[in-house]
Amino acid sequence: MISYRDRLNNAVIMMNYYKSLRRILDRPREPNRFWPSEATVDQPTPDAIRTYGECARKLYYKLHNELPEELNYLSIMRMSLGSLVEENQVKYSKLISTNVKTQSEVKVPYGDILISGKIDHVLHDPHADVFDIIEHKSSYGYGFTSEIFKKGNFKQNHALQLGLYMYGVRAYNILEPIGVPNDKVRTGLLVYTDRGNCDNVDFIIDVAPNTKATLENTEIVGTTAEPYIVYNKAGKMERFASIQRMLHKMFMIHGFVKAGVLPPIDFVNQIDPMILNDLTRRDKITSAEKIEYLRSQKIDWNCGYCQFKSKCIKNEQPNTTAINTEHAKEKLQMLEAKFYSIEGIQIQDIIRANAETPEELPV
Ligand code: SF4
């Protein structure tokens, strides 16, 4: 008998894949539109230029509407737990304020690109009569607890995301129409919840918006006039990443998309994919050995979670620059065939019956 876990596993993976296909087919990405959660920057530090945030190549695949590899059940469940924790945090924050604004939209233009997204929530402090911009994140496990709670280190990609919101709010006075003028915005708070013990910790992340980051303003990089993400360390605000550099990198990625040129990878897998592929092609190593090798090489965590890694490792272009319905159907059929052989039952019929709008499914 197939275990409950395995049956659930297959059904959740497949349902998620249907949803992801449907999203791509119904609401394809615009090639010049980025989300703040995809912020990325190549930031000079005293020892090297470091990439924080999303990988340029991963963004390239996303902006081409490349179909992602299917996520496993555990990742899907973890992500939905994360959303639940966030929703709860917003709910509980209404206990400490009567004025909570959720999902306020922030738009940051730069050249011909637009970064737009929604702030988790804006919270009024009735004692000081000011507002804080809050971004919630949650995770679990030893690494998370140790880094965030014990060592007091925020995750850089989260700071970039909140930094972009703060920049949008401060530079464009975006929240004024909902009754939050700039002089009432106190700071940005990156709030982490430990999903293991439900403990909370928050970091102050703000932006010093000395001037606007615009395509015409690139010469301000490296000057004190540059808008910078700052964070609180031992009671003092320190510099973290340049807004101008961040927006410019996203603008450059859009340039790669327009030119159809695959950008270089931002995170090194500690292997040379070309060599590895060549070895596989010449039957020097099997595909299984290649996978084993990759696993043993402690690949960058960004690559470990990346849904385009099998394409990336072969330096492959996305399937098409347009939405390829035929390709989506083909992937879905392969997936169904895989589940048939595992399950021996018509699992996709159950999923289709439970889908919100089955007629929209691409099969
Ligand atoms: S596998 Fe790594 S380097 Fe390649 S696209 Fe994904 S994150 Fe970037």
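## Leu123 and its surroundings

Leu123 touches Ser93, Ser97, Val100, Phe131, Asp132 and Ile134, leaving aside residues up to four places away in sequence. Leu123 belongs to strand 5, which covers residues 113-125. Is Leu123 buried or exposed? Leu123 counts as buried because it has 22 C-beta neighbours inside 10 Å, and 20 or more are needed.

Thr98 is 25 residues from Leu123 along the chain. In space, the C-alpha atoms of the two are separated by 8.7 Å.

## The chain as a whole

This is a predicted model. The protein chain has 12 helices and 10 strands. It holds 363 residues, and 30% of them count as buried. Take the contacts with a separation of 6 or more: 69% of them join residues 24 or more positions apart.

## Confidence

The average pLDDT of the protein chain is 83. A score of at least 70 is reached by 84% of the residues. Over residues 357-363, pLDDT stays under 50. The model has 15 contacts beyond four places in sequence for that stretch. Where pLDDT is low, predicted coordinates should not be read in detail.

## Nonpolar cores

The largest nonpolar core has 60 residues. Ala159, Leu160 and Ile229 have the most contacts inside it. Helix 5, residues 156-172, gives the most to this core, with 8 residues. Another core lies apart from it, with 6 residues. Met14, Tyr17, Tyr18 and Leu67 are among them.

Which residues does Ile229 touch, not counting those up to four places away in sequence? They are Ala159, Leu160, Gly163, Ile205, Val207, Phe240, Ala241 and Ile243.

## The hairpin of strands 9 and 10

Strand 9 spans residues 228-233, and strand 10 spans residues 236-242. The two run antiparallel and are joined by 6 bridges. Together they form a hairpin with 2 residues between them. Ala234 sits in the turn and has a positive phi of about 50 degrees. Lys233 stands opposite Lys236 of strand 10.

## Around the ligand

Which residues are around the ligand? Cys55, Arg57, Lys58, Ile265, Asp266 and Phe267 are among them. The list also includes Asn302, Cys303, Cys306, Phe308, Lys309 and Cys312. Three elements give two or more residues to this shell: helix 2 (56-63), helix 9 (301-304) and helix 10 (309-312).

By class, the shell has 7 nonpolar, 1 polar and 4 charged residues.

Note on methods. Residues numbered from 1 in each chain as written. Predicted model: local features only at pLDDT ≥ 70, side-chain atom pairs only at ≥ 80, totals over all residues. Helix = DSSP H or I, 4+ residues; strand = E, 2+ residues; numbered from the N terminus. Buried ≥ 20, exposed ≤ 12 C-beta atoms within 10 Å, placed from the backbone. Contact = placed C-beta atoms within 7 Å. Core = buried A, V, L, I, M, F, W, Y, C linked by C-beta atoms within 7 Å. pLDDT = per-residue confidence, 0-100. Pairing = 2+ DSSP bridges. Near = placed C-beta within 6 Å. Nonpolar A, V, L, I, M, F, W, Y, C, P; charged D, E, K, R; others polar.
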